[in-house]
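Hi everyone, thanks for making time this morning. Could you pull up the structure on your screens so that we can walk through it together?

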Amino acid sequence: MNSDDSVIEMPPIELADASSSAMSRRDFLKIVGAGTAGLVIAQVVCVQVDAAPSAQADIAKPKGMVIGDPTRCTGCRRCEIACTSFNDGKNQPSLARIKVARNLNFGPDGAQYGYQRQTPGHFGNFLIVQETCRQCAHPVPCMMACPNGAIEVTGPVNARIVNTTKCTGCRQCQAACPWDMTVFDEQLKKASKCHLCNGEPECVKACPNAAIRFVPWQDRSKDIPKRWVVPAYLATPPNVSSTCGSCHK
Amino acid sequence: MAPLGGYRGKILRIDLSTGKVSSEDTAKYKDFLGGTGLGYKILWDEVKPGTKAFDPENRIIFGVGPLTGSGAPLSGRVSITSLWPNHLNELPATGHMGGHWGAELKFAGWDSIIVQGKADKPVWIYINDDKVEIRDARHLWGNGIFRATEEICNEVGSDTQVAAIGQAGENLVRIACVMCNRSHSAGGVGGVLGSKNLKAIGIRGTGAVAIAADKKAWKDLTYEFLSLIGANNQGVVPRTPQPWAEYYGNTRWTARKGLYWGSAKPAVETGECSADDLNRIGYRTQKGVLDHGEGVGEKYLVRMGGCHSCPVRCHAYTEIPALETKYGVSRFQGNTCTGNSFGSGFFSSPSGSEARIEASQLGSALADDYGLWSDYGQFPRDFVYGYKSGLFKAKLDPKEYDSIPWKLLDNNDPAFLLDVMKRIAFRTGELGKAFADGMPRLEQKWPEIAAYHQTYDSSCWKDAHAKHHSSEAGAQVGALLNMMYNRDVQCHTHTNFMGSGLPFNLMKEISGELFGSPDALDSSTQYTPMNKGKAVFTKMSLIYLELHNSLTACNWTLPLWTSPRKDRKYRGDVALESKVLSAVTGEKISREELEATGLRILNLFRALTARFMNEKDLRNKHDLANEWVYEYPKDKPAFAAGVTKMDRADMELAKDMFYAEMGWDKATGMPTQQTLEKYGLKQVAEGLKQQGLLV
Ligand code: SF4
Ligand code: SF4
Ligand code: SF4
């Protein structure tokens with residue numbers, strides 16, 4: 001079975017007010033047409049070996065994703081603040097699932113090329129690149145890398161979410177994400193990643209510059225990765241990778 | 001201490017003489033919150049009267065507080081307290097820095113840093129969570145702030161937040177600053193770092209600032225807070241009529257349809273920004289058009305920016321290609337307010353002209369790299385006066401005088417800055433040294449400058465310090481405030497309230513509620529004699545200034561005593577700071593209790609000033625104003641319509657009434673023993689007594 005078979009056709013999107021990024025979850029679900037009876041997505045689970053529930057070739061597509069617009073970002077980091085303060089009860093940028101701080105001063109390239117160049121960052125051309133989770137399509141690198149099947153596709157918007165009861169804190173998902181978007185809570189010893197806040201992203205609500213938006217999902221797994229890592233299907237632990245053959249003949 | 005929300009529990013102490021790094025319990029200092037309050041307490045406990053700013057025994061306290069890094073809106077600031085190099089007697093004062101450095105310090109696990117001693121060679125301090133190292137900075141010494149920042153980030157990680165000094169600080173220039181995030185500076189204290197051979201402090205923090213309140217309650221309070229914010233300086237109505245707005249007024253809320261961030265690629269419209277749209281707070285203040293003028297201030301603005309956690313965004317960042325081609329600096333520059341008028345302050349090019357914005361941003365390119373501070377504009381003003389009056393020509397050796405490209409200055413050519421900024425930062429020649437030693441010493445060197453400072457044109461308040469929202473801002477209120485400190489007075493409590501832009505009658509009503517009398521507030525064109533309401537207003541202004549600088553919270557927009565919310569009849573929330581602090585720490589503190597803490601900090605500062613002056617008659621030796629305050633304009637009496645002239649007898653009454661409000665002795669303006677004890681400063685009273693300063 002080809003994973004593309006499960007693609008949900010999204011109706012064309014018309015955002016009532018494109019300038020306002022604070023869309024409520026209800027509005028959003030209305031727009032993508034989900035939550036209606038006919039659109040329940042079947043999760044076809046691959047043949048399981050050693051019970052690795054994350055090896056799902058036909059996992060449901062996400063219904064939304066958060067994207068950033070660097071030309072609007074002013075680097076206030078209220079998005080990072082909202083992500084952890086309102087989800088975790090503490091303010092901790094290292095735990096934020098949207099990443100601004102690491103690009104703030106010198107952009108994604110870092111300080112290696114000097115300063116005041118025409119490259120992003122506060123010491124460059126002032127562009128501040130917000131990085132967000134792509135809620136990847138199969139093969140979902142973080143999900144595939146998890147030996148415990150702890151990253152699951154969870155409603156209402158089918159975000160790829162860490163199930164903390166299954167997470168053992170092995171950090172394999174952190175190593176696997178090509179964009180370095182999974183995080184680790186050192187206090188709880190659990191991984192975390194963007195869960196789209198049940199369809200009401202706190203970061204989007206918090207942005208004073210409407211510089212991040214919650215939009216219908218699109219496959220952005222082709223974007224240049226922050227860091228090159230071994231492709232997920234090779235880095236996958238054996239109990240997961242042994243299931244790949246059931247689809248990839 | 002038991003970890004409360006907000007605090008991380010420990011303070012970092014670094015002795016550069018011995019290389020010793022140690023950690024202290026924050027609980028010891030909790031009565032002073034943090035920030036500037038902590039700074040005053042350390043100076044009181046540890047620095048002997050008679051110590052000078054550049055002595056190794058002087059301390060420099062990088063103070064953050066329970067709110068810094070908590071994610072509470074407007075909590076990104078740092079108070080850097082030390083003996084002030086740019087005061088003749090080097091009395092205590094605080095420089096204030098925004099940016100992301102203070103929050104990073106909290107994430108790294110520290111509630112402030114105390115630096116003492118002097119390293120035997122240039123060093124920088126690397127704080128990587130609880131690992132703290134003193135690293136070699138010999139390769140950085142002699143270089144500017146931009147290079148120091150870049151090299152440190154290259155060495156330890158691009159996500160490091162770096163506060164550094166430039167050559168001005170290294171060369172013990174008394175008007176040097178320390179800077180982070182390229183445009184956030186704490187004026188005045190750069191030389192103290194230089195005197196300790198300390199180039200920079202770089203921080204990487206991965207930890208959490210805990211919030212004691214439950215998530216839902218904290219989120220609700222945060223959004224309530226955000227709904228009360230207006231624009232920068234808490235203008236709560238737009239500057240131009242807007243379809244959604246009942247009022248408009250003279251505020252920094254410049255956003256409107258058709259006004260852009262013109263050099264964003266592609267341009268971004270600021271748009272209507274109605275008061276209830278919290279996702280557009282960051283567009284309300286398009287400050288380019290205020291700092292640089294309409295036209296160029298729109299055309300060259302890439303975006304706004306500002307401190308960690310703040311939605312207001314008051315720094316204006318520009319892209320001006322001519323900076324590269326004409327002057328050889330980066331086309332990307334930016335700063336705010338006096339940071340933006342530093343360079344242009346040397347010239348008479350009109351606002352809105354290309355020459356002026358070029359001068360402004362070239363000034364920023366140079367000053368923010370050399371780490372030079374404008375002394376709130378006093379440096380360029382005094383410099384231009386010295387040139388135009390012929391003073392420099394008369395005093396300087398002709399060889400030196402002729403080596404300076406005065407023609408450029410005559411022609412309003414920004415290229416003059418390439419000479420003057422470097423000259424001061426490197427103490428070149430007699431002129432370079434004269435200005436590098438700061439305006440109080442310039443007054444001593446050339447009495448003509450002292451005479452100039454007595455005139456209105458100098459904008460100089462006292463002690464060679466610039467006026468800063470003084471008698472023109474609330475008459476006696478601004479005047480009293482400008483008498484209190486040992487630098488230009490960084491108080492915006494009163495201006496943030498008065499500058500709301502709301503109709504005068506409504507403001508009178510709100511004044512009545514806040515200060516017990518509508519008469520606390522004068523119309524800006526008709527001042528009235530002193531009254532009790534004004535004394536209360538002054539006291540409240542000082543309390544919240546000290547609280548903001550201790551919590552830390554931004555006194556450039558707070559307090560939110562008015563709001564853009566029509567449903568609240570434009571009232572803000574006077575108890576906001578106490579609510580936020582209670583939620584973050586989990587310790588219930590009422591507005592009254594918090595204000596008492598503010599008074600504790602303020603009384604400690606007052607005692608500290610007396611101690612370092614070795615003088616108890618603050619009334620007549622400290623709380624002063626230059627001649628022009630009482631004399632300008634010559635042809636009109638005080639309280640005439642449209643003038644800001646103060647009356648001497650009335651100002652003496654103002655002191656009487658204000659001191660009475662504060663519990664300070666009428667004759668000397670000293671906090672009485674009773675007042676000190678009331679605010680838990682018994683030990684301070686004893687210290688004053690030993691020095692013969694207790695009244
Ligand atoms: S909240 Fe918005 S403006 Fe602020 S850092 Fe995040 S994306 Fe940028
Ligand atoms: S691999 Fe990275 S970007 Fe993709 S879903 Fe996982 S965390 Fe998000
Ligand atoms: S959607 Fe939620 S979890 Fe994801 S980055 Fe935004 S606030 Fe964090």
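I'll go through chain A briefly, then the cores, a helix, and two loop residues in chain B. Please keep in mind that this is a predicted model.

Let's start with chain A. It has 8 helices and 7 strands. Of its 249 residues, 57% are buried. If you take the chain A contacts between residues at least 6 apart in sequence, 69% of them join residues at least 24 apart.

Now to the nonpolar cores. Which residues touch the most other members of the largest core? That core has 216 residues, and the answer is B:Trp101, B:Ile127, B:Phe346, B:Leu372 and B:Phe383. Have a look at B:Trp101: beyond its neighbours within four places in sequence, its contacts include B:Phe62, B:Val78, B:Ile113, B:Ile201 and B:Ile203. Polar residues are on its contact list too, among them B:Gln161 and B:Asn181. There is also a second, separate core of 19 residues, with A:Ile98, A:Leu196, A:Val204 and A:Cys207 among its members. As general background, nonpolar side chains in soluble globular proteins tend to be buried together.

Next, please find helix α26 of chain B, residues 591–613. Its 23 residues reach 33 Å from first C-alpha to last, close to the 33 Å expected at 1.5 Å a residue. Because 18 of those 23 residues are buried, α26(B) is largely enclosed by the rest of the structure. Right after the helix comes B:Asn614, with a positive phi near 50°.

My favourite residue today is B:Lys645, in the loop between α28 (628–631) and α29 (648–662) of chain B. This lysine is buried yet has no salt bridge. Where is the nearest side chain of opposite charge? That is B:Glu631, 5.3 Å away. What we do find are backbone oxygens: the one of B:Pro633 lies 2.8 Å from a polar atom of the B:Lys645 side chain, and the one of B:Lys636 lies 2.7 Å from a polar atom of that side chain. Leaving out sequence neighbours within four places, B:Lys645 is also in contact with residues including B:Val629, B:Tyr630, B:Tyr632 and B:Phe639.

Last stop: B:Gly258, in the loop between α6 (215–228) and β14 (260–261) of chain B. Buried, exposed or partly exposed? At 38% relative accessibility, B:Gly258 counts as partly exposed. Setting aside residues up to four places away in sequence, B:Gly258 touches B:Glu269 and B:Glu298.

That's my tour; thanks for listening!

Terms used: Residues are numbered from 1 along each chain as its sequence is written. Chains are lettered from A and ligands numbered from 1 in the order in which they are written. This is a predicted model: local features need pLDDT of at least 70, side-chain atom pairs count only at pLDDT 80 or more; totals for chains, interfaces and linings use all residues. Side-chain values use heavy atoms; hydrogens and water are left out. Helices (H or I, at least four residues) and strands (E, at least two) are DSSP runs, numbered from the N terminus. Buried means under 20% relative accessible area, exposed over 50%, partly exposed in between (1.4 Å probe, protein chains only). Lys and Arg count as positive and Asp and Glu as negative; His and the chain ends are not counted. A salt bridge is a side-chain nitrogen of Lys or Arg within 4 Å of a carboxyl oxygen of Asp or Glu. A polar contact is a pair of N or O atoms within 3.5 Å; within protein, one must be able to donate a hydrogen and the other to accept it, and residues adjacent in sequence count only if both atoms are side-chain atoms. Contact means heavy atoms within 4.5 Å. The expected span of a helix is 1.5 Å times one less than its number of residues. A nonpolar core is a set of buried Ala, Val, Leu, Ile, Met, Phe, Trp, Tyr and Cys residues joined through side-chain atoms within 4.5 Å.
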